[in-house]
Amino acid sequence: MMKRFYVFMMAFLACSMLAIAQDKSEYHQRALEAESTNIAAARSSYIKAFHDYANKGQIKAGVECGVKATSLYYKENAFKEAFDLLRDIDVAISNASANEQTKAGMRYLTSRERMQMYVRMRRSANAMDHIKNMEVYAARANDESLKNDLLYNKTIYYYTFGQNELGNAMFAQMSQKLTAQKEYDKVDEAYKMLIANGRRSNSANLVAESYRSYMVWKDSVSALKTAEEIDSLKQQIANNEASIADKDSSLSMRMGFIIALIVVVAALVVALVIGGITLMRFILLTRKQKKTIKLANENNALKAKFISNISSQLEPTLRKIDGQQPEIKALLDFSAHIQTLSDIENTMEENVELEDTSLPQYCEALMDEIRNKVRKDVELTVNVPKMFANINRPYVSHIIFHLLSNAAEHTPEGGHITLEFKKRSVHKFQFLVSNTGESIPEELRDEIFKPFREVHDLTNGDGLGLPICKQMALKMKGDLEIDPQFTKGTRFVLDLFA
């Protein structure tokens with residue numbers, strides 16, 4: 001695992017280094033690689049990088065590379081080439097599209113290189129002119145790092161040209177500011193420069209005073225660093241104490257949460273036990289109910305079969321008697337209805353055969369069968385589109401004929417009977433039989449579809465007509481209902497599915 005992690009980190013660092021390197025131009029990268037081994041090659045690459053960056057509009061990076069090439073020129077006392085290069089850099093800055101504040105920061109860099117060359121050439125006045133230019137550019141750039149750099153270069157200038165009092169004053173200002181900003185390395189470098197100048201001028205007092213001041217400063221910096229480390233440790237301790245307090249508080253909250261969770265779990269266990277007991281009682285009760293329902297269904301099936309057998313045995317005997325007597329005819333009809341109802345119930349799960357039927361001719365023929373049964377001036381209407389539908393003709397014919405016959409019986413003179421067909425969706429359609437007259441009371445609308453709901457005088461009908469129609473509709477996977485929205489009489493709706 002550690003090996004994989006190590007490989008991953010090395011790959012990540014390599015990619016990061018590659019990404020950083022790719023931020024620099026190819027010439028810039030070459031210059032960095034050659035600077036410690038071949039000054040001429042590094043200088044040439046810095047100059048090429050300057051022109052490359054400038055052509056790409058990256059003027060700041062270009063100026064930094066050009067300034068670096070300048071320092072490598074005068075490092076080998078090639079002052080003329082250095083000044084020529086600085087003039088090219090100034091032209092590039094003037095032609096750049098950067099704002100004046102950014103240009104001032106870049107011009108500060110070129111003036112600083114000129115100042116350092118004049119210091120190296122011991123030309124005090126020229127160096128001072130460029131220090132003044134540096135002051136102007138640092139103020140325009142409003143860059144704190146340039147202002148600090150200016151203090152440093154002024155200090156070096158004064159000490160280089162023997163203006164020790166001004167150098168001391170400037171050094172004190174620089175030391176105070178840079179120390180406050182924790183830029184200890186620059187102050188340390190300035191002290192070492194001061195001591196070196198004293199040695200070059202053979203001034204024992206300057207060397208001694210500089211060294212004494214340097215030691216005092218080092219001690220003060222050490223004290224500052226120690227104080228900072230102590231403050232850091234104190235802050236770390238305070239942070240740790242706060243973290244411990246937070247963890248204690250968090251731990252207390254977690255303990256409270258755990259206790260609450262235990263209480264909830266205990267309550268859930270009790271609830272599960274009670275629920276289990278209730279569930280077991282429910283299962284036992286359900287099993288008992290299932291047995292009761294199964295027994296009731298078996299009894300109903302046996303009753304239906306028994307009644308059917310009685311009906312089939314009575315029918316031959318009844319037919320030997322005078323069939324024109326109303327009572328005998330009623331018994332024969334009742335026997336036939338019982339047989340039909342029993343047959344439907346016993347074959348409810350069987351599929352019915354469908355036949356593609358032309359609806360207009362089919363519905364007109366059904367309506368024609370009741371024309372001689374209606375009262376005077378009753379209007380008969382068939383509202384069916386010219387189309388075909390797949391239906392079981394025997395069942396549908398039985399249902400519609402029965403509904404139309406009932407409508408003919410209950411529609412008063414001058415009334416209206418209508419047979420309609422409506423396609424409700426791709427797979428659903430309806431036959432609707434409506435008639436004007438008295439509506440069926442709401443409390444009876446469900447009861448009329450139930451067989452044997454009351455004892456009938458069989459000569460007035462056995463009440464099995466609509467229950468048989470309902471069972472036929474259910475066997476066709478449809479339904480037969482009364483439309484509750486129809487208020488001008490009664491409308492039966494036969495729902496069927498393709």
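Visitor: What do the buried residues of α13 pack against?
Guide: In this predicted model, they pack against β1 (355-358), β2, β3 (388-391), α14, β4 and β5.

Visitor: And which residues of α13 are buried?
Guide: The helix spans residues 359-368, and Leu359, Tyr362, Cys363, Leu366 and Met367 are buried there. They lie on the same side of α13, because the arc they cover around the axis is only 130°.

Visitor: Okay, the sheet next. In what order do its strands come?
Guide: The order is β2-β4-β5-β7-β6, five strands in an open sheet with mixed pairing. The edges are taken by β2 (379-383) and β6 (479-482); each has a single partner strand, so one side of each has no neighbour in the sheet.

Visitor: How much are neighbouring strands turned against each other?
Guide: By 15° on average, with direction ignored.

Visitor: Which helix packs on that sheet?
Guide: That would be α14, residues 393-410. This helix touches β4 (416-423), β5 (428-436), β6 and β7, and its direction makes about 20° with that of β5.

Visitor: Let's zoom in on β7. Is that strand mostly covered or mostly open?
Guide: Mostly covered, as eight of the nine residues of β7 are buried. The strand runs over residues 489-497.

Visitor: In what sense does β7 pair with β5, and over how many bridges?
Guide: The pairing of β5 and β7 is antiparallel and has nine bridges. One residue pair to look at is Leu432 with its bridge partner Val493 in β7.

Visitor: What about β6 and β7, how many bridges there?
Guide: Four bridges, again in the antiparallel sense. Leu480 stands opposite Leu494 in β7, and a hairpin of six residues joins β6 to β7.

Visitor: What holds paired strands together in general?
Guide: Strands of a sheet pair through backbone hydrogen bonds, in a parallel or antiparallel way.

Visitor: Changing topic to backbone angles. Which residue in the loop between α13 and β2 should I look at?
Guide: Try Asp377, which sits in that loop. The phi of Asp377 is near 60°, a positive value in a residue other than glycine.

Visitor: What sign does phi have in most residues other than glycine?
Guide: Negative, for most of them.

Visitor: Is Asp377 buried or exposed?
Guide: Exposed, with a relative accessible area of 60%.

Visitor: And what is the phi of Asn142?
Guide: Near 55°, also a positive value in a residue other than glycine. You will find Asn142 in the loop between α7 (124-141) and α8 (144-160). Asn142 is exposed, and its relative accessible area is 55%.

Visitor: Last topic, pockets. How much space lies in the second largest pocket?
Guide: About 390 Å³. It is lined by 15 residues, and those closest to its centre are Gln116, Val119, Asn153, Ile156 and Met193.

Visitor: Which elements give two or more residues to the lining of the second largest pocket?
Guide: They are α6 (100-120), α8 and α10 (184-200).

Visitor: Which of the elements gives the most to that lining?
Guide: The answer is α8, with six residues in the lining of the second largest pocket.

Conventions. Residues numbered from 1 in each chain as written. Predicted model: local features only at pLDDT ≥ 70, side-chain atom pairs only at ≥ 80, totals over all residues. Heavy atoms only, no water. Pairing = 2+ DSSP bridges. Axes fitted to C-alpha atoms, helices over the stretch in contact; angles between N-to-C directions. Contact = heavy atoms within 4.5 Å. Buried < 20%, exposed > 50% of the residue type's maximum accessible area, 1.4 Å probe, protein only. Arc of directions from axis to C-beta. 1 Å grid on protein atoms, 1.4 Å probe; cavity = no way out; pocket = protein on both sides within 12 Å on 5 of 7 lines; lining within 4 Å. Points joined across faces, edges and corners; volume = space filled by probe spheres on them.
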